[in-house]
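Please open the structure in a viewer and display the backbone as a cartoon. The tour below proceeds by selection, with a short account of what is found at each stop.

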Amino acid sequence: MSDSKPTGDHGRKAHNMTQSYEDMLQPAELEENWQDDANCLGVDPDLFFPERGASTREAKEVCRGCVVRGQCLEFALQNGEKFGIWGGLSERERRRIRRQRAQTARSIIGA
Ligand code: SF4
């Protein structure tokens, strides 16, 4: 887990990570360098961390056409990113996905 902020630089500047992606990613993920193709490269990182109750619309608009949206979302899910917009989804939306995955895993184990 990390207490980072997003950016295409989503991973490097905008999300203001305490670790670089290179430090956190596994070798296979590193090869992909997905963040190099991020739509949010050069976009103000604060856009992805709106104040509580503020609109997430602009950030989600940037994510909408991002070709690495899936990788970004999976990165956030795998790393338990609790804050900001990742892969076009808010913290709440990502929590819902984590809950659904946990339910699915429990049902498979219990089956
Ligand atoms: S999905 Fe959004 S936050 Fe993630 S890399 Fe793309 S533009 Fe950036």
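**The chain as a whole**

Of the contacts in the chain that join residues at least 6 apart in sequence, 55% link residues at least 24 apart. The model is a predicted one. Colour it by secondary structure: the chain has five helices and zero strands, and from the N terminus the elements run α-α-α-α-α. Of its 111 residues, 32% count as buried.

**Helix α3**

Next, select α3 (57–64). Its buried residues are Ala 59, Val 62 and Cys 63. They lie on the same side of α3, because they cover an arc of only 100 degrees around the axis. Now rotate the view to the face of α3 turned away from this buried side: the exposed residues Arg 57, Glu 61 and Arg 64 are carried there. Return to the buried residues of α3 and add α4, which is part of what covers them.

**Phe 48**

Select Phe 48, in the loop between α2 (27–32) and α3. Is this residue buried or exposed? Phe 48 counts as buried, because it has 24 C-beta neighbours inside 10 Å and the threshold for a buried residue is 20 or more. Then measure from Phe 48 to Ala 59 in the viewer: the two are eleven residues apart in sequence, and their C-alpha atoms are 5.5 Å apart in space.

**The largest nonpolar core**

Select Val 62, Cys 66, Cys 72, Ile 85 and Trp 86 together. Within the largest nonpolar core, which has 17 residues, these five touch the most other members. The elements giving two or more residues to this core are α3 and α4 (69–78). Which element provides the largest share of this core? That share, four residues, comes from α4. As a general point, nonpolar side chains in soluble globular proteins tend to be buried together.

Keep Cys 66 selected and show what surrounds it. Leaving aside residues up to four places away in sequence, Cys 66 touches Ala 38, Asn 39 and Cys 72.

**The ligand**

Finally, centre the view on the ligand and display its shell. The ligand is surrounded by 17 residues, the closest being Ala 38, Cys 40, Cys 63, Cys 66 and Cys 72. Both α3 and α4 supply at least two residues each to this shell. Colour the shell by residue class: eleven residues are nonpolar, five are polar and one is charged.

Technical notes. Residues are numbered from 1 along each chain as its sequence is written. This is a predicted model: local features need pLDDT of at least 70, side-chain atom pairs count only at pLDDT 80 or more; totals for chains, interfaces and linings use all residues. A residue is buried if 20 or more other C-beta atoms lie within 10 Å of its own, exposed if 12 or fewer, and partly exposed in between; C-beta atoms are placed from the backbone. A nonpolar core is a set of buried Ala, Val, Leu, Ile, Met, Phe, Trp, Tyr and Cys residues joined through C-beta atoms within 7 Å. Two residues are in contact if their C-beta atoms, placed from the backbone, lie within 7 Å. A residue is near a molecule or strand if its C-beta atom, placed from the backbone, lies within 6 Å of it. Ala, Val, Leu, Ile, Met, Phe, Trp, Tyr, Cys and Pro count as nonpolar, Asp, Glu, Lys and Arg as charged, and the others, Gly among them, as polar. The arc is that of the directions from the helix axis to the C-beta atoms.
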